[in-house]
Amino acid sequence: MSAACVVAVDVGGTTLKGGLCDREAALLHRERRATPRDSSEALVDGICALVDALAAEGRARFGEDGVAGVGLGVPGLVDEARGAALRAVNLPWRDLPLADLVAERCGLPVALGHDVRAAAAAEAALGAGRGAGDVLFVAIGTGIGGAIVAGGRPYGGAHGRAGEIGHTVVDPDGPPCACGARGCVEALASAAAIERAYAETGAGDGASAREVAALAGAHDPAARAVWDRAVAALAAGLADASMLLDPARIVVGGGLAEAGPALLDPLAAAVAERLTLGAAPRIVGAQLGAEAGCRGAALLAWRALDRAAVAG
């Protein structure tokens, strides 16, 4: 029997999301585990344990040769050519040859990629970007990640940093960002930034970004000011990116995208107002939700296997 599935793992700062995916990157089986963060060794052990469990499930379903390989999506800086996880703010590794380590221990070929870029590829091929070809994907959560899909393929740039819209400076006098700059989109428009800014107004402490959005819609003055500033900062970053990249579509994902029209409608209007040289790209909400990273990791694995088959 030819291989029916791949193991796909989306490595997050708090959760390892794994699954078995078929050729179309449909999820056939899902598992979640807490991310071990005590050391790089513990983290690799946790990833390998999840890969082994998923591979065992795949072999039980499809036979001993039913699992073709592994796709891993990881955060931070990634050297995809070497299969190395270089650095992540929330995970304990530096220049770790993760693909080789997992392949050696689990006995399967491993393809490693950037988690947001993998999610972008999945949304472009299977979700809200389907049919667009050129897509800018933005994930808004605790931070803000981004990725570019050009001609249907993820684009990483010369150093793997392409698409990092969260660290585009839109207000040089703005609040400090964790990256060391000031006034980045992430420092103004991420969920963490919105929550922090609302708490600083004195109107309420502990409100989530989604709650701030709801309060803004209910005409709470403090929430409205915080929300409007966040939307303006995000619009500035997206407008600049649109002028440079000319995407057919901008797909907005992450937890904050669940605010729906409260975010997307004013964001689209603000981007359109800034783009004076032509029509603005469509701005739509992501469709794949929390599955995007896993399904993107599966696409990464299948592409690597196809390349190996052609080369061999």
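A residue is called buried when its relative accessible area is under 20%, exposed when that area is over 50%, and partly exposed in between, with a 1.4 Å probe and protein chains only. The exercises concern a predicted model, in which local features need pLDDT of at least 70 and side-chain atom pairs count only at pLDDT 80 or more, whereas totals for chains, interfaces and linings use all residues. Residues are numbered from 1 along each chain as its sequence is written, and side-chain values use heavy atoms, with hydrogens and water left out.

**Exercise 1. Decide whether Val-67 is buried or exposed, and describe its surroundings.**

Step 1. Locate the residue: Val-67 is found in strand S4, which covers residues 67-74, where a strand is a DSSP run of E with at least two residues, a helix is a run of H or I with at least four, and both are numbered from the N terminus.

Step 2. Compare its accessibility with the cut-off: Val-67 has a relative accessibility of 8%, and therefore counts as buried.

Step 3. List its partners, taking a contact to mean heavy atoms within 4.5 Å: leaving aside residues up to four places away in sequence, Val-67 touches Ala-3, Cys-5, Val-7, Ala-55, Gly-58, Arg-59 and Leu-108.

**Exercise 2. Find out how many disulfides the structure holds, and examine Cys-5 and Cys-184.**

Step 1. Apply the criterion, which asks for a pair of cysteine sulfur atoms within 2.5 Å; the structure holds zero disulfides.

Step 2. Take Cys-5, whose nearest cysteine sulfur, that of Cys-21, is 8.5 Å away; Cys-5 is also buried, because its relative accessibility is 0%.

Step 3. Turn to Cys-184, whose sulfur lies 3.7 Å from the closest cysteine sulfur, in Cys-179, and this is too far for a bond; Cys-184 has a relative accessible area of 0% and is likewise buried.

**Exercise 3. Explain why the protein can be called as compact as a globular protein of its length.**

Step 1. Note the elements: the protein has nine helices and 13 strands.

Step 2. Compare the radius of gyration, taken over C-alpha atoms, with the globule rule, which is 2.2 Å times the number of residues to the power 0.38. The radius is 20 Å, close to the 20 Å that the rule gives for 312 residues, so the protein is as compact as a globular protein of that length.

Step 3. Add the wider picture: the C-alpha trace spans about 60 × 45 × 35 Å along its principal axes, and buried residues make up 49% of the 312 residues.
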